[in-house]
Structure formats: C-alpha cells, structure tokens
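Work through the exercises below with the structure open. Each task is followed by a solution in steps.

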Amino acid sequence: MKLILLGPPGAGKGTQAQRLVADFGYAQLSTGDMLRAAIAAGSEMGNKVKDIMERGDLVSDDIVVGIISERVEAPDCAKGFILDGFPRNGAQAEALDKMLDEKGMKLDVVVSLEVVEKDLFARIEQRAKETEGGPRADDNVDALKKRLEIYHEQTAPLIKYYGDQGVLKTVDGMAEIDAVSAEIKNILSEV
Ligand code: AMP
C-alpha cells in the first residue's frame, strides 16, 4: 500500500500515519520529521534548512525529493508507505510520479483530511503543549499563518491534481481521531 496523507498543518496527518504504522506495519515517511532529525543531528542539510523551517517556508524541492527517493526503497517500506507532508507543491507531485514510475511503483490512494481552518490554531497550540522535548520551532501563530498561506497557494492545488488522476478520497478530519482512523482504514480496504 502506497498512500499520501494530504491536509494543512494540524489536520492530523502525523497522528493518523502513526496509527497506520502500528496497525499495518507501513512506514511513515514524514519529510518534516526527517528534516527535524537532520537539524537535531546538526548535519549539513539540517543547517541549511533550519531557518527556512522555523519561519514556516518550504525547503527546496531538490532536498525533499532526494530524501523521499532514498527512503521509498528501504526495507521498512516493503509492506507499504505513507507519505506525510510530501508532496507539498505541483513540482514535488510531478517529481514523485516520475520517481515512482522509474522505480516501477504506483500510488494507491491519496487521502485528503478536510478540516475547519480556524480550529487549526487551537490544535497546534495543543500540540505545542504536548510535544515531548518542547514545542516545535514552527508551532507558533506567525509560523502557522505562513504555513497555512503556503498550504493554500501551493499544496491545496494537489487536491485537484490527484482528483484528476482518479486516486483522491476525502475524509472529515474534524471527526474524533478514532473515527478518522476507521474511515481511512475503510478507504484502504477498498483500494
Ligand atoms: P511538517 O512537519 O510536515 O509540518 O513540516 C514542517 C516544515 O518542514 C515545513 O513547514 C517545511 O519548512 C518543511 N517541509 C516538510 N515537508 C516539506 C516538503 N515536502 N517540501 C518543502 N518543505 C517541507
């Protein structure tokens, strides 16, 4: 199973991905997590993306396409993978199509988590309180505004992109976490 979880910051992509990992053994490929790990490790890539991430901008397509391209072939992806936070714009979506095609892989489904935007600020505030080791550098009002702006400009058009490919399914992301999980599992059982 190869799927994308699509949705704005705070929609619940990470939470739902973790459940699919636990229940089905798929790998969660979160570009945000990988970039944060690179920053924590002080790697060259981490140093390059730190300021960009902190203010809520997107890092370059080359970087994220490169890390995803390496990850999809790792052994932990054998049962499948969940793309969480990637792709985030048209160029990344096209690069993903090309990459999967070259590797003889195919995307099964794109699940779009639909949320009420004004409620995302409260969710992110909650996440900032609950995150082990302290809040993320970009979980604050200014960075979230920026991330939402970018989501609308660059990521939301992917809903149409995948709709046109016939692989898009939508889920009510404002429902209870368990209900959202159940809905996603239902979708996966039908693809
Ligand atoms: P996330 O954890 O998915 O909310 O991502 C946190 C931050 O990492 C984003 O605001 C971007 O700065 C960066 N990032 C994560 N994924 C991508 C991506 N696919 N393309 C560009 N930047 C990304």
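Two strands pair if DSSP finds at least two bridges between them. The model used here is predicted.

**Exercise 1. Determine how strand E2 is joined to strand E3, and where E2 stands in the sheet.**

Step 1. Count the bridges: four of them join E2 to E3 (residues 81-84). With a threshold of at least two bridges, E2 and E3 pair, and they run parallel.

Step 2. Take one bridge as an example. Ser30 has Asp84 in E3 as its bridge partner.

Step 3. Place the pair in the whole. The sheet is open, has five strands in the order E2-E3-E1-E4-E5, and its pairing is parallel. E2 (27-30) and E5 (168-172) are the edge strands; each has a single partner strand, so one side of each lacks a neighbour in the sheet. From one strand to the next, the twist averages 25°.

**Exercise 2. Find which strands helix H2 and helix H9 lie across, and at what angles they run.**

Step 1. H2 (residues 31-41) lies across E2 and E3, and its direction makes an angle of about 70° with E2.

Step 2. H9 (residues 177-189) lies across E1 (2-6), E4 (109-114) and E5. Relative to E5, H9 runs at about 160°.

**Exercise 3. Describe the surroundings of the ligand, starting with the residues that come nearest.**

Step 1. The ligand has 16 residues around it, of which Thr31, Arg36, Asp57, Gly85 and Gln92 come nearest. The element that gives the most to this shell is H2, with four residues.

Step 2. List polar contacts by ligand atom. For oxygen atoms of the ligand, a backbone N or O atom of Asp57 lies at 2.5 Å, and a side-chain N or O atom of Arg88 lies at 3.0 Å. For a nitrogen atom of the ligand, a polar side-chain atom of Gln92 lies at 2.9 Å.

Step 3. Consider the cover. On its own the ligand has 480 Å² of accessible area, and the protein covers 97% of that.

**Exercise 4. Is Ile159 buried, partly exposed or exposed, and what is it in contact with?**

Step 1. Locate the residue: Ile159 is part of helix H8 (residues 157-165).

Step 2. Compare the accessibility with the cut-offs. Buried means under 20% and exposed over 50%; Ile159 has 29% relative accessibility and therefore counts as partly exposed.

Step 3. Look beyond the neighbours within four places in sequence: Ile159 is in contact with Leu6, Ser112, Tyr151 and Leu168.

Step 4. Check a pair distant in sequence. Gly7 and Ile159 are 152 residues apart along the chain, yet 9.2 Å separates their C-alpha atoms.

Technical notes: Residues numbered from 1 in each chain as written. Predicted model: local features only at pLDDT ≥ 70, side-chain atom pairs only at ≥ 80, totals over all residues. Heavy atoms only, no water. Helix = DSSP H or I, 4+ residues; strand = E, 2+ residues; numbered from the N terminus. Buried < 20%, exposed > 50% of the residue type's maximum accessible area, 1.4 Å probe, protein only. Contact = heavy atoms within 4.5 Å. Axes fitted to C-alpha atoms, helices over the stretch in contact; angles between N-to-C directions. Near = heavy atom within 4 Å. Polar contact = N/O pair within 3.5 Å; in protein donor to acceptor, adjacent residues only side chain to side chain. Areas by Shrake-Rupley, 256 points an atom, 1.4 Å probe, with all protein chains shown as cover.
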